[in-house]
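Reader: I'd like a close look at a single part of this one, and then how that part sits in the rest. Could you walk me through it in plain words?

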Amino acid sequence: MSTLIVISILAIVVLYLGLFKAKEALLPVSVLGLVGALALAIMEWNSNAAPIFSGMMHFDNFAVAFSSICIITTILVFLLSKNYFEKISNNVAEYYTLILFALTGIIVMVSYHNLSMLFVGLEIMSVSLYILAGIKRKDFASNEAALKYFLMGAFSTGFLLFGIALIYGASKSFDLAVIAQYVIDRPTGIDPIFYVGLVLMIVGLCFKVGAAPFHFWTPDVYEGAPTLITAFMSTVVKIAGFAAFLRLFSICFAPLQDFWMPTLLIITILTLFVGNITALYQTNFKRMLAFSSISHAGYMLFAIVALGAASTNAIFIYAAAYAVSSITAFAVLMLVKVKTGGENFEDFNGLAKSNPFLAFALTIAMLSFAGIPLTAGFIGKFFVFNAALTQYHTWLVAIAVINAIIGVFYYFKVIVAMYFKENQTKQIATPVYFNFVLGLSLIITLVLGIYPSFITNLF
Amino acid sequence: MSLFYVVAFLSIIFALLVIFTKNPVHSVLYLIATFFTFTIHYIILNAQFLAVVNFIVYMGAIMVLFLFVLMLMNLNTDTEPMKSTLLKVVGAIAGGCLLVTLIGSMKTLSTASTTAMDNTGIGLVENLGKVLFSDFLLPFELSSILLLAAMVGAVLLAKKENKTA
């Protein structure tokens, strides 16, 4: 709760800083505030918190873990934002504010204990993101991204809301505990509208996390939005979506696994194939990352399909690995784009000669995406597959391994471009903040890859 | 009960007219009529607050917005492009699938036993306010952040920029 309050107030303080033209203070204040919020969140660890505000919010260990990872990733995004928004417009403070508002919604999404809170949190996050996707007002692609995201998002919210309404109609409550009790009390004879509501909620949530066949907005929005916002969307927002998904299913719908498992299984397989195979044909690095984020959504859905005690841990590790690698990839992309003006694979040619550190960081990130051992991505995939194997989804794991091999092809494209193709490019000047973020991500990726028990035994 | 059937019949008729009229302005007018019948439904259910909100927000604000957009877009001339045959076939198959699914699910339906409400005045403004400021206080307060974010965004996107970016 204190985390939520701190972030909300921080957003308003930043808005006032913009009013008083204190541009230099924006970044330090935002980062310091977030560090404070992070500390407050971690202090709640193992405090055995009970649901507060008549069961609206439950800041349990699950919420602490996912809030922390979202706050840390947001801090990394903020560090990359130095001098980024200034190029787009004068109203820098508002962008920081909107990102912080989105984070507020995300904190609500990972700690809700009532479906009305889930809805409010999701809307706070989405509304902020619709705006952030369109902040390049003169840029046609950015406008298209914002409009498309808004229309699709509003549509998916409709599904989610209808699902919530039907579940309320059957169980007579929005409270997660009451809904769970309703399911447990009725081994047979659950109201049919409950099932309809459940399916509609799957549709709504799959829209938000960008799983196939509800992924059509993802590539265009990720490509059109400013790169920094794309980095925020594909990491923090995606993690929050999965946290909300997992929280709902593990608390409420776990006994009904026989009903929703086949649906989600098909969605998972579709997501994996669509994401990976389409990513193979991309020439634009940013668009490739968008499709790869779809395929990573597929891997994370794995842990929900095989819902069990290990699921939370598996998603947490996967999300952490995915977030740091994505941040690295987007950071390097931003630097390369400033230099060459393009986002295609060719623009990375010869990067290893001119900027060995950038190339090395990006290589590790790509290896982590592909799931090569000794990187965090491997540990994430290992835990996700392990969770699936404990429930004997052997052939599902086989499909996922095939997809992981497909993934290696397109992740290596950029590595090949950097190391084995020649290009006369001068060295890219990397700001200190970028070096710090890249170095930190690199260390996290390698440390988690080599010594994963830091976070594997959290839950 | 007979009032319910009359109003329900009217809402279905108006809803169908929304789809079947060619002129978009007429379509919007029928939509207003549909919403009006919904308002009557809410009054029959003793949900006074919903009735008032539905009347003011949906019939008033949103429909006026709809009409404005339609007039600005100038859809009066018949500009809708013809759909290709392939699209029609796909549409027919998809619609047929939906119909089969609906009929299949209808077969399993049974009439629920009528449950008496504990509190018949649950839809009154007084009771709604009490629930909103006791049990649902946190979501209510959080909505303020939602509105603030939307407001900041609206100003940000609509305000004239001094520097040409």
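Author: Let's start with a word we'll need: a residue is buried if 20 or more other C-beta atoms lie within 10 Å of its own. Keep in mind, too, that this is a predicted model. By that cut-off, buried residues make up 9% of the 165 residues in chain B.

Now for the part to zoom in on, helix H1 of chain A, which runs over residues 2–19. H1(A) has 18 residues and reaches 26 Å from its first C-alpha to its last, close to the 26 Å expected at 1.5 Å a residue. Just after H1(A) you'll find A:Lys21, with a positive phi near 60 degrees.

Which residues of H1(A) are buried? Going along the helix, they are A:Thr3, A:Leu4, A:Val6, A:Ile7, A:Ser8, A:Leu10, A:Ala11, A:Val14, A:Leu17 and A:Gly18. As for what these buried residues pack against, chain A offers helix H2 (23–43), helix H3 (61–80) and helix H5 (92–111). Chain B joins in with helix H6 (137–158).

That brings us to where the two chains meet. Here 27 residues of chain A are in contact with 20 residues of chain B. On the chain A side, H5 and helix H6 (115–133) each supply at least two residues. H6(A) gives the largest share of that side, 8 residues. Sort the chain A side by type and you get 13 nonpolar, 10 polar and 4 charged residues.

What about the partner chain? Chain B has 6 helices and 0 strands, so to speak a plain α-α-α-α-α-α when read along the sequence. Among its contacts with a separation of 6 or more, 54% are between residues 24 or more positions apart. The domain assignment splits out domain 1 (1–76) and domain 2 (129–160) of chain B. Taken over C-alpha atoms, the centres of those two domains are 27 Å apart.

Last stop, the largest nonpolar core, which holds 190 residues. The members that touch the most others are A:Met109, A:Ala240, A:Tyr318 and A:Ala319. Helix H14 of chain A (residues 311–340) gives the most to this core, with 20 residues. If you click on A:Ala319, look for A:Ile69, A:Ile239, A:Phe242 and A:Met300, which A:Ala319 touches when residues up to four places away in sequence are left out.

Conventions: Residues numbered from 1 in each chain as written. Chains lettered and ligands numbered in written order. Predicted model: local features only at pLDDT ≥ 70, side-chain atom pairs only at ≥ 80, totals over all residues. Helix = DSSP H or I, 4+ residues; strand = E, 2+ residues; numbered from the N terminus. Expected span 1.5 Å × (residues − 1). Buried ≥ 20, exposed ≤ 12 C-beta atoms within 10 Å, placed from the backbone. Contact = placed C-beta atoms within 7 Å. Nonpolar A, V, L, I, M, F, W, Y, C, P; charged D, E, K, R; others polar. Core = buried A, V, L, I, M, F, W, Y, C linked by C-beta atoms within 7 Å. Domains from an automatic or database assignment.
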